[in-house]
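User: I'd like a close look at one part of this protein, please: its salt bridges and the surroundings of their partners. Could you start with a little overall context?

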Amino acid sequence: MILGLRPGLPAGNCPSVDKALISVQPPKTSAPPDELMEAQRQILQLKDTVAALRQRLEGAEASRAEAVQAAVAAGADEIRILRTTIATLRDELQALEAAKQAAVQAAVAVGQNEAHQLHLTIQNLREQLERVLFDHKDAQGRQQQSHQAELKQLHETIAVLRKQLEEKNGN
């Protein structure tokens, strides 16, 4: 046996090997028995070699098919993992976007509330200022009236005193 392989595998799976077997068969002549035995031994060795090569080819085919199947399975797993990762990242991105929008809306609401409070404060301060100005003008008006009344009284007192002085001096 060549290469220590098993004989006896069925032929017909590899046409090029079968054709080679047909062409290697000994011609039908009357050859001496030693030559015939040698030729039969060579044919047997060639059949064993063909069977061994067929077996190795089938093993290589099976290994290749397994490798392809493993690669397809690994690719499918990687695709599944990537899709899961994409979905997770998309969900996180949407959550971040929603949180950002909520934060923006909250900041706008706080800003609007603060602006409203400032407007109310301005309005209150304006009203207080107007009251103070009114009170100040009122107090100033009363003070002017009081001053006018005092001046009038002083003028009257001066007139009375002048009259008394003139009467006393004889004018």
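User: What percentage of the residues of the protein count as buried? And which residues pair up in salt bridges along helix H2?

Analyst: Happy to take you through it. Bear in mind that this is a predicted model. Of the 171 residues, 7% count as buried. The protein has 2 helices and 0 strands, and it exposes about 14,700 Å², with carbon and sulfur atoms supplying 59% of that area.

Now to the part you asked about. The structure holds 4 salt bridges, among them the pairs described here. Let's begin with Arg41 and Glu38, whose closest N and O atoms are 2.4 Å apart. Both residues belong to helix H2, which covers residues 33–169, and they sit 3 residues apart, about one turn of the helix. Arg41 has 40% relative accessibility and so counts as partly exposed; Glu38, at 31%, is also partly exposed.

Further along, Glu61 and Arg64 join their side chains in a salt bridge, at 2.9 Å from N to O. They are 3 residues apart in helix H2, so about one helical turn separates them. Glu61 is partly exposed at 41% relative accessibility, and Arg64 is partly exposed at 48%.

Then comes Asp138, which forms a salt bridge with Arg142, their closest N and O atoms lying 2.9 Å apart. Here the spacing in helix H2 is 4 residues, again about one helical turn. Asp138 is partly exposed, with a relative accessible area of 36%, and Arg142 counts as partly exposed at 48%. Because buried means under 20% relative accessible area and exposed means over 50%, values in between are called partly exposed.

Note on methods: Residues numbered from 1 in each chain as written. Predicted model: local features only at pLDDT ≥ 70, side-chain atom pairs only at ≥ 80, totals over all residues. Heavy atoms only, no water. Buried < 20%, exposed > 50% of the residue type's maximum accessible area, 1.4 Å probe, protein only. Areas by Shrake-Rupley, 256 points an atom, 1.4 Å probe, with all protein chains shown as cover.
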